[in-house]
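Thanks for sharing this one. Here are my notes, set out point by point so that you can follow them with the coordinates open.

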Amino acid sequence: MSDPAQSISVKRAQVDFHNFASLGEPERALAAYADENFRRGSILKAHRDFIPSLTPFLEVGANAGHTSYLLANEFQADGFALDISADALRYGQFLRTAWNLERSPILTAGDATRLPFRDNSLAFVMSFQTLSQFLDIESVIREVHRVLAPGGVYYFAEEPVRRKLTMRVYRAPYPERMKPFEKRLYDSGLLDFMAMDVIGADQEESFGIRQNHRFGLREWSELLHKYFEECRFVTFPRQRGWANQMVQWMLRRMPGNAEARIADCLGATLAAFCRKPGRLPAELPLTEALACPDCGAPLPFQTTELMACPQCAYQAVNESNVYNLLSTSLKAELYPGNRADTLDFSKPGHEEGLVEGFYELEGDFGSKYRWIGARAVVKLVRMRAGAPLLRVQGYAPSVAKVELRANGQSIGQWKLDRPGLFILEAPLDEAPEYQVEILGSPVITEPNQKPGEGRLLSVNLSLIKLLPRE
């Protein structure tokens, strides 16, 4: 099951991250998705003359599917929203209610490096913040080119252009997690001249998602022109702070293509429209677009509840309006069902592994968690051969210390020097089962409660699991 573009461990991390982040803090997510749709829709409208048809469409890496809902409703297009996380798509159906939407794309879990679609079957493909999640970006471009019909268009946006004017000496978190001195450097633009990569990239990498920020404008152009006959590029360079603005002012006064020079020097996000050679067919039936992810044969809709391959035994059932179209082997690896080596607090049944020290379940959708006090204990059973890796995912409301113990032995201590999400990992000795203790400090009394009634809290936890070592 080796995939040079994205390892199985990274695919697991993508599933966990999208499940957790797709609609965590719903009001905040809705505002962010509405802002993204406004930007993406505005770019699309400005280049609508380049696109012969939006139907049938596919969004790759759709997350909650919010931009697919935009195409289905504002642009009246028909198509598919695909993400490796079936749960992110399932939770994303909340958008239909929140935004009072009439139409929905077909929701499909799938792998961007092996799209479950027939050759030359789609008029329009789009993706956002997706290509840079793959070490081999070309493998995804190649798949997009395969499923696009002749004359079809690929639209992507929010991909990073590598910045040249930086010393690459400092990894910076997202602004909401910055310390005061980092925020001052960020607001001035000076932090960009020190940053190793895209600001905030460490959060995804802490989940185990490996990102690819190596492409400058030249590399993007060379790759895309290898597969597409015509491309339009739109760059959005770093604007924040006087330092970036001063450099931009100087670069604009030099001869040549100022926009490309600014993007190369200061870094940017890139949007592109790429047309496949040929003439778009008059008809591309939506119901004839899918292909079996196991054998590649056409995958018809048997009913609205079932897709079944006529050539092999592959089936995909409608699970809360989502079809899981991962290959059989990858589906078994990423969606094994309830297991004794995984406590996902967003899933029913995780309570069976809780031993002591946990408060009641809180949160929404995939972002569900339980607070602990000074100590909590869980039981995990090893399901794979060999010594595993323990992963603990949680949230610290302030600077904190966390210690992990397994079967009575300390396996690591961490000082969390900033509030927010954390991922802790530690190798374990081989054993049939593990009693894992999580010790958190400092312990504070829950605020805004009557004296003597507040809970004693340290950190909250949302996922505890055993992973195979790479």
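The points below go from a helix to a pocket, then to the salt bridges and a loop residue.

1. Please keep in mind that this is a predicted model. Everything I mention below is computed from that predicted model.

2. Let me start with helix H1, which covers residues 8-21. Its 14 residues, at 1.5 Å a residue, should span 20 Å, and the end C-alpha atoms are indeed 20 Å apart, so expectation and model agree.

3. Is H1 mostly covered or mostly open? Mostly covered: eleven of its 14 residues are buried. They form an unbroken list of Val10, Lys11, Arg12, Ala13, Gln14, Val15, Asp16, Phe17, His18, Asn19 and Phe20. Charged side chains are among them, including Lys11, Arg12 and Asp16.

4. The second largest pocket deserves a look, with a volume of about 850 Å³. Its lining counts 36 residues, and those closest to the centre are Pro336, Gly337, Asn338, Thr342 and Lys347. Several elements give two or more residues to this lining: H1, helix H4 (86-92), helix H12 (328-334), and the strands E12 (342-344), E14 (367-381) and E22 (460-468). By class, the lining has 15 charged, twelve nonpolar and nine polar residues.

5. On to charge pairs, of which the structure holds 41 as salt bridges. In general, side chains of opposite charge can pair when their charged atoms come close. One set is linked as a network of salt bridges: Arg12, Glu333, Arg339, Asp341 and Arg384. Arg12 is also one of the buried residues of H1.

6. Within helix H4, arginine 90 forms a salt bridge with aspartate 87, and the closest N and O atoms are 2.7 Å apart. The two are three residues apart in the helix, so about one helical turn separates them. An α-helix has 3.6 residues a turn, so residues three or four places apart point the same way. Are these partners buried or partly exposed? Arginine 90 is partly exposed because its relative accessibility is 21%, while aspartate 87 counts as buried at 8%. The cut-off for buried is under 20%, so please read the arginine 90 label with its 21% in view.

7. A second salt bridge joins the side chains of arginine 240 and aspartate 187, at 2.8 Å from N to O. Arginine 240 sits in the loop between strand E6 (230-237) and helix H10 (241-251), and aspartate 187 is in helix H7 (residues 180-188), so this pair ties together parts that are 53 residues apart in sequence. Arginine 240 is partly exposed at 36% relative accessibility, and aspartate 187 is partly exposed at 35%.

8. How far apart in the chain are arginine 455 and glutamate 362? Their side chains meet in a salt bridge at 3.1 Å, N to O, yet they are 93 residues apart. Arginine 455 belongs to the loop between strand E20 (444-445) and strand E21 (456-457), whereas glutamate 362 is in strand E13 (residues 354-364). Arginine 455 is buried, with a relative accessible area of 15%, and glutamate 362 is partly exposed at 23%.

9. Finally, alanine 313 lies in the loop between strand E9 (306-308) and strand E10 (315-319). At 75% relative accessibility, alanine 313 counts as exposed. From alanine 313 to glutamate 74, the separation is 239 residues in sequence and 38 Å in space, C-alpha to C-alpha.

Note on methods: Residues numbered from 1 in each chain as written. Predicted model: local features only at pLDDT ≥ 70, side-chain atom pairs only at ≥ 80, totals over all residues. Heavy atoms only, no water. Helix = DSSP H or I, 4+ residues; strand = E, 2+ residues; numbered from the N terminus. Expected span 1.5 Å × (residues − 1). Buried < 20%, exposed > 50% of the residue type's maximum accessible area, 1.4 Å probe, protein only. 1 Å grid on protein atoms, 1.4 Å probe; cavity = no way out; pocket = protein on both sides within 12 Å on 5 of 7 lines; lining within 4 Å. Points joined across faces, edges and corners; volume = space filled by probe spheres on them. Salt bridge = Lys/Arg side-chain N within 4 Å of Asp/Glu carboxyl O.
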